[in-house]
Amino acid sequence: MADPILRVAVIGGAGMWGRGYLRAAVAHSECDVILVDSALKRRDAFAEHYGIAHVADSWQQLLERETPDIACCILPVALAPEAVIACAEAGVRVVSCEKPIAIELGEADRMVEACRSRRIPFGCGTAYWEVPRLAELSRWLTDGHLGALTAVAIPGGLPVEVSGAGCVQFTHLRGLTGLEVEWVEGSELPPVDSYRAPEASDVEVDCPAYGRIGLVGGVICEVLKPRAENHIPCRVSATYENGQVFLQRPEPIIIEGTGAEASPVRPDFVEQLCPSGREPVFQRLVDAVRNSDTEVACSGHDYRQALEIAIAFKRSASRGGQRVPLPLDSRNYRIYPHPYRMRGGDVAGWESIGYDGPPPVEGRPQREAKS
């Protein structure tokens, strides 16, 4: 007997990132899609193009009508926490959102707890698919193929945002090593032009950062000072007793051995085709329903931890680089991201972050060249 069709709500599905989830949901043979978006004209154009029969103006209107199996809350960060918590409280079976998870650390705590207390899988972001085969590589390393971990680095630093983009690299760091963060020593650079949210104080504004991260077991991650003239594609590098690993595209670089005996290796999992786009990101939500999973890869917990690390960088920088232990002593600390991330393109302006307009129904959105 075939599995029953799943009702999937893509909340914000007519947005720049939401349309990726919408496409993946529409293409999935096991899903019946509800498109939820407050940009009504654009929403209706997307619904007509993709043959979607069910639409709603808001998540509130959606939940008044029904409780879907899956809710993808692809909303600006100022709106996402309330939607995620409401979906969990309504009994949605699997919930997801995008990055950064929240502005305030306490909001992220409440999102994670609302899902975890109800055994609802909660996915967030796309970090595990932004570098190929992260999960498989982590398992291979945990099996001891290169020996014990001795050091980690983020070679390019955090050149634009410690939270808005840095949360991805912090998730890579934790995903690769399997280790939690115990402390942070941080420094910062001035906010990038146009990235400063009007509400943000100096200690709450998203900005470039660098410093050191202390992992469980005494391993230290060096976050190098970003250099504008020298882009480094490696997201995270790790040194082991018998080799090194560099997380980057199109595949990780794995070096086995040291000194003159060091040479590249390509384990079997690297040879496998790595799916791209939102399809694998969305598929893990479907799998969570089908398999009654209580956790998913690239989770709300992962991005809550990433937000806490980012806030610790800011707090440490405000204290002259003083070491800040985790967990943080206050859950009211905040980082305000770029206005586009916080309020969305329809409010902040699509051009504010480099797009030339709202997302088209077909084709790729155009971005202006960055100077």
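Let me begin with a term: a residue counts as exposed when its relative accessible area is over 50%, and as buried when that area is under 20%. With a relative accessible area of 61%, Ser-292 is therefore exposed. This residue sits in the loop that connects α10, residues 279-290, with α11, and its phi is near 55°, which is a positive value in a residue other than glycine. I should say at this point that we are looking at a predicted model, and that everything I describe this morning is computed from that model.

While we are on backbone details, let me go through the others before turning to the sheets. Ser-194 also has a positive phi, near 75°, and it too is a residue other than glycine; its place is the loop between β8 and β9. Then there are two cis peptide bonds to point out. One runs from Lys-99 to Pro-100, with omega near -10°, and Pro-100 belongs to the loop that leads from β5 to α5, the latter being residues 105-116. The other runs from Arg-249 to Pro-250, with omega near 5°, and here the proline is part of the loop between β12 and β13.

Now to the sheet that holds β1. It is an open sheet of 6 strands, in the order β3-β2-β1-β4-β5-β6, and the pairing is parallel. At its edges are β3, residues 54-56, and β6, residues 122-124, each of which pairs on one side only. From one strand to the next the twist averages 20°. If you look at the pair formed by β1, residues 6-11, and β2, residues 31-36, you will find 6 bridges between these parallel strands, and within that pair Arg-7 is placed opposite Asp-32 of β2. Across this sheet lies helix α4, residues 80-90, which reaches over β1, β4, β5 and β6, and whose direction is at about 180° to that of β5.

The other sheet that I want to show is also open, with 9 strands in the order β14-β13-β12-β11-β7-β10-β9-β8-β15, and its pairing is mixed. Because β14, residues 263-265, and β15, residues 324-325, each have a single partner strand, they stand at the edges, and one side of each is left without a neighbour in the sheet. At the β14 end, the partner is β13, residues 253-256, and these two strands pair in the antiparallel sense over 3 bridges, with Glu-256 bridged to Ser-263 of β14. At the β15 end, the partner is β8, and 2 bridges join this antiparallel pair, where Val-184 is found opposite Val-324 of β15. Strand β8, residues 181-188, is also joined to β9, again antiparallel, by 7 bridges, and there Trp-183 stands opposite Gly-214.

Which helices pack on this sheet? One is α7, residues 134-142, which touches β11, β12, β13 and β14, and whose direction makes about 165° with that of β12. Another is α8, residues 166-177, which lies across β7, β9, β10, β11 and β12 and runs at about 25° to β11.

How do α7 and α8 stand to each other? Their axes come within 7 Å and cross at roughly 40°, and since an angle counts as roughly parallel under 35 degrees and as roughly perpendicular from 65 to 115, the two helices are therefore oblique to each other. On the α7 side the contact is made by Leu-134, Leu-137, Ser-138 and Leu-141, and on the α8 side by His-172, Gly-175 and Leu-176. Sorted by kind, the residues of this contact are 4 nonpolar, 3 polar and no charged.

Let me finish with the nonpolar cores. In soluble globular proteins, nonpolar side chains tend to be buried together. In this model the largest nonpolar core has 108 residues, and those with the most contacts inside it are Ile-11, Cys-73, Ile-101, Phe-170 and Ile-213. Helix α11, residues 300-318, gives this core its largest share, namely 8 residues. Leaving aside residues up to four places away in sequence, Cys-73 touches Ile-11, Ala-83, Val-84, Cys-87, Val-95, Ser-96, Cys-97 and Glu-98. Apart from the largest core lies another, of 7 residues, including Val-77, Ile-103, Ala-197 and Val-205.

Terms used
Residues are numbered from 1 along each chain as its sequence is written. This is a predicted model: local features need pLDDT of at least 70, side-chain atom pairs count only at pLDDT 80 or more; totals for chains, interfaces and linings use all residues. Side-chain values use heavy atoms; hydrogens and water are left out. Two strands pair if DSSP finds at least two bridges between them. Helices (H or I, at least four residues) and strands (E, at least two) are DSSP runs, numbered from the N terminus. Contact means heavy atoms within 4.5 Å. Axes are lines fitted to C-alpha atoms, for helices over the stretch in contact, and angles run from 0 to 180 degrees between N-to-C directions. Angles under 35 degrees count as roughly parallel, over 145 as roughly antiparallel, 65 to 115 as roughly perpendicular and the rest as oblique. Ala, Val, Leu, Ile, Met, Phe, Trp, Tyr, Cys and Pro count as nonpolar, Asp, Glu, Lys and Arg as charged, and the others, Gly among them, as polar. A nonpolar core is a set of buried Ala, Val, Leu, Ile, Met, Phe, Trp, Tyr and Cys residues joined through side-chain atoms within 4.5 Å. Buried means under 20% relative accessible area, exposed over 50%, partly exposed in between (1.4 Å probe, protein chains only).
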